[in-house]
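Dear colleague,

I am handing over a structure that you have not seen before, and I would be grateful if you could look it over with the notes below beside you.

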Amino acid sequence: MKSLVVFYSRSGTTKRVAQELAEALGADIDEVIDKKSRKGILGILRAGYDATREKTTEIEFTKDPSEYDLVIIGSPTWNRRVTPAIRTYLLQNRGKIKAAAFFATCLGNSGKCLDQMKELYGDKALLKKTLVKKELEKGIEKLKEELKALMAI
C-alpha cells in the first residue's frame, strides 16, 4: 500500500511524529507550510483565534495525495481545533484522498480536532488518534502498530 504522511507543525512535535511514522511505515512525507507567520506570542494568539474561527490560510505542499492509497494526516491541536493549514489542505484535497487516517498532537485534550478533520475530509477515516505530549513516546509506538495493522489489510 503506497502511503503518504502529511503534517503541519508549528513547534516541531507533530513533525517529529510524522517523521517517525513515515520511517516506520516506509511512507513518503509532505510538510504543509502555512504562509502566515505563526511565530512568537502574537503568532500563537493569532493561531488560536484563526483555529477557533475555522479560518483557512494560504499553504504550500509538494506531493499529490491522489497518487497514494492511504494519506495519514497530522495536525497540532489549537484551542481544541484543527489548524488552519490542515483545514485548508483537507478542503483543497478531499476529493483526491482515497483513504485517510488522522492524528492530532496536543497537551491534554484534542477536543474537536479529529472530528473536524473527518468532517473536512468528507468520508470515513480509517483511524483517528490523539497523541498527548506527556505520553508521546507510548502514543507514537501504539499509532505505528495500529497503522501497520491497517496497512496489512
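Let me begin with one residue in a loop: Lys-96 has a relative accessible area of 40% and is therefore partly exposed, a class that lies between buried (under 20% relative accessible area) and exposed (over 50%), with a 1.4 Å probe and protein chains only. The loop that holds Lys-96 runs between H3 and E7, where helices (H or I, at least four residues) and strands (E, at least two) are DSSP runs numbered from the N terminus. Not counting residues up to four places away in sequence, Lys-96 touches Asp-64, Pro-65 and Ser-66, a contact being heavy atoms within 4.5 Å. Lys-96 and Tyr-121 are 25 residues apart in sequence, and their C-alpha atoms are 9.9 Å apart in space.

Before going further, please note that this is a predicted model, in which local features need pLDDT of at least 70 and side-chain atom pairs count only at pLDDT 80 or more, while totals for chains, interfaces and linings use all residues. Residues are numbered from 1 along each chain as its sequence is written, and side-chain values use heavy atoms, with hydrogens and water left out.

As for the whole protein, it contains five helices and eight strands, and from the N terminus these elements follow the order β-α-β-β-α-β-β-β-α-β-α-β-α. The radius of gyration, taken over C-alpha atoms, is 14 Å, which agrees with the value near 15 Å for a compact globule of 153 residues, under the rule of 2.2 Å times the number of residues to the power 0.38. The C-alpha trace spans about 45 × 35 × 25 Å along its principal axes. Of the 153 residues, 50% count as buried, and among contacts with a separation of 6 or more, 75% come from residues 24 or more positions apart.

Turning to the interior, the largest nonpolar core (buried Ala, Val, Leu, Ile, Met, Phe, Trp, Tyr and Cys residues joined through side-chain atoms within 4.5 Å) has 26 residues, and those with the most contacts inside it are Ile-73, Tyr-89, Leu-90, Phe-102 and Met-117. Two or more residues each come from strand E1 (3-7), helix H2 (40-52), strand E5 (70-78), helix H3 (84-93), strand E7 (100-106) and helix H4 (113-121), and H4 gives the most, with five residues. Leaving aside neighbours within four places in sequence, Met-117 is in contact with Ile-73, Ser-75, Val-82, Ile-86, Leu-90, Phe-102 and Phe-103. There is also a second, separate core of 21 residues, which includes Ala-22, Leu-70, Leu-127 and Met-151.

Helix H3 is mostly covered, with eight of its ten residues buried; among them are Pro-84, Ile-86, Tyr-89, Leu-90 and Asn-93.

Finally, there are two backbone angles that you may wish to look at. Most residues other than glycine have a negative phi. Asn-79, although it is not a glycine, has a positive phi of about 50°, and Arg-80 has a positive phi near 65°. Asn-79 lies in the loop between E5 and strand E6 (81-82), and Arg-80 lies in the loop between E5 and E6. Asn-79 counts as partly exposed because its relative accessibility is 45%, and Arg-80, with a relative accessible area of 45%, is partly exposed.

With best wishes
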